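Trainee: Hi! Could you walk me through this structure before I start working with it?

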Amino acid sequence: MADITLKYLTELTAATSVDANDLIHINQGGNDRSVTASVLRAFMINAIYPVGVTLFFATNQNPNNLFPNTRWQRINGYGRTIRLANEAMSDVLETGGSDSVTLSVDNIPSHSHGFSGNTSSYDHGTRTTSTNGNHNHGIEHRVNNYANSTGGNDVMKTGGGTTFYTKDSGEHSHTVQIGSHSHSFSGTTGSTGGGQSFITKNEYINLIAWYRVS
């Protein structure tokens, strides 16, 4: 191509398509050479998409059909996100994780729930006891008479006694002043919770992923 001028190239009829066996002129080290379109295409594919590269598609495409003489495998990871491999690359294509998780007691900090408060203030006012009926109380008082016998010992000579009674007070009641007051209380709530799993999935968009294996 060294002897082909730019004017000559611009005067050529432009090709609207290229077949695999079409020849394309190239210059290698100042020497004119020809190469088929398929060879040039394979060179470009290998340069742009080396083995191990991953492609994402937003339409249903198969790179095995798009790039002849190459082999691609679809990444089996429906619903999965991408995570970078370690520096040694020993965990490439490993899978793990979950879209949902269930917390256990060991997953949350140790804690308790305390509460305290006061009852509302209420004035019970003055309360009256019930009446018990008319009544009195008896007290028995006994007086003993003693005489001195000839033997010098005191002996009971006569005996008798009198019972006294308190005065009837009639039916009556008593009042008790309770007054306004409240009570403080405190304690710990009971356990609760159902242990159901919850979704940890972030917002996402689905794409098709293939990687080249050869």
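Mentor: Sure, we can go from the whole chain to single residues, keeping in mind that this is a predicted model.

Trainee: Great. How many helices and strands does the chain have?

Mentor: There are three helices and 15 strands.

Trainee: And what share of the residues is buried?

Mentor: Of the 214 residues in the chain, 7% are buried. The accessible surface of the chain comes to about 18,300 Å², and carbon and sulfur atoms account for 51% of that area.

Trainee: What about contacts between residues at least 6 apart in sequence: what share joins residues at least 24 apart?

Mentor: That share is 68%.

Trainee: OK, on to the core. Which residues make up the largest nonpolar core?

Mentor: Seven residues do: Ile45, Leu55, Phe57, Phe67, Trp72, Ile208 and Trp210. Two strands, β3 (54–57) and β15 (208–212), each supply at least two residues of this core.

Trainee: How do β3 and β15 pair?

Mentor: They pair in the antiparallel sense, over four bridges. As an example to look up, phenylalanine 57 has isoleucine 208 in β15 as its bridge partner. Both of those residues also appear in the core list.

Trainee: Which strand is joined to β15 by three bridges?

Mentor: That would be β4, and β4 and β15 run antiparallel. Here you can look at glutamine 73, whose bridge partner in β15 is tyrosine 211.

Trainee: How many of the residues of β15 are buried?

Mentor: Five of its five, so β15 counts as mostly covered. Both faces are covered: Ile208, Trp210 and Arg212 are buried on one side, and Ala209 and Tyr211 are buried on the other.

Trainee: Why do the side chains split between two sides like that?

Mentor: In a regular strand, side chains alternate between the two faces of the sheet.

Trainee: Makes sense. What is tryptophan 210 in contact with, leaving aside its neighbours within four places in sequence?

Mentor: Quite a list. From the stretch around β3, tryptophan 210 is in contact with Val53, Thr54, Leu55 and Phe57. Its other contacts are Gln61, Asn62, Pro63, Asn64, Trp72, Gln73, Arg74 and Ile75.

Trainee: Changing topic: where is threonine 70 found?

Mentor: Threonine 70 is in the loop between α3 (63–66) and β4 (72–74).

Trainee: Is threonine 70 buried or exposed?

Mentor: Buried, because its relative accessibility is 13% and the cut-off for buried is under 20%. The side chains of threonine 70 and tryptophan 72 are joined by a polar contact of 2.9 Å. Leaving aside neighbours within four places in sequence, threonine 70 is in contact with Ile45, Pro63, Asn64, Arg212 and Ser214.

Trainee: How many salt bridges does a search of the whole structure find?

Mentor: One. Lysine 201 forms a salt bridge with aspartate 99, and the closest N and O atoms are 3.7 Å apart. This pair links distant parts of the chain, 102 residues apart: lysine 201 is in the loop between β14 (198–199) and β15, while aspartate 99 is in the loop between β4 and β5 (100–101).

Trainee: And how accessible are lysine 201 and aspartate 99?

Mentor: Lysine 201 counts as partly exposed at 41% relative accessibility, and aspartate 99 is partly exposed too, with a relative accessible area of 38%.

Trainee: What should I know about the backbone of methionine 89?

Mentor: Methionine 89 has a positive phi of about 55°, although it is not a glycine. Most residues other than glycine have a negative phi. Methionine 89 is in the loop between β4 and β5 and is exposed, with a relative accessible area of 60%.

Trainee: What is the phi of leucine 93?

Mentor: Positive, about 70°, and leucine 93 is not a glycine either. Leucine 93 is found in the loop between β4 and β5, and its relative accessible area of 56% makes it exposed.

Trainee: Last one: where is threonine 188?

Mentor: Threonine 188 is in strand β13 (residues 184–188) and is exposed, at 59% relative accessible area. Threonine 188 and glycine 114 are 74 residues apart in sequence, yet 4.9 Å apart in space, C-alpha to C-alpha. Leaving aside neighbours within four places in sequence, threonine 188 is in contact with His113 and Phe115.

Terms used. Residues numbered from 1 in each chain as written. Predicted model: local features only at pLDDT ≥ 70, side-chain atom pairs only at ≥ 80, totals over all residues. Heavy atoms only, no water. Core = buried A, V, L, I, M, F, W, Y, C linked by side-chain atoms within 4.5 Å. Buried < 20%, exposed > 50% of the residue type's maximum accessible area, 1.4 Å probe, protein only. Contact = heavy atoms within 4.5 Å. Areas by Shrake-Rupley, 256 points an atom, 1.4 Å probe, with all protein chains shown as cover. Polar contact = N/O pair within 3.5 Å; in protein donor to acceptor, adjacent residues only side chain to side chain. Salt bridge = Lys/Arg side-chain N within 4 Å of Asp/Glu carboxyl O. Pairing = 2+ DSSP bridges.
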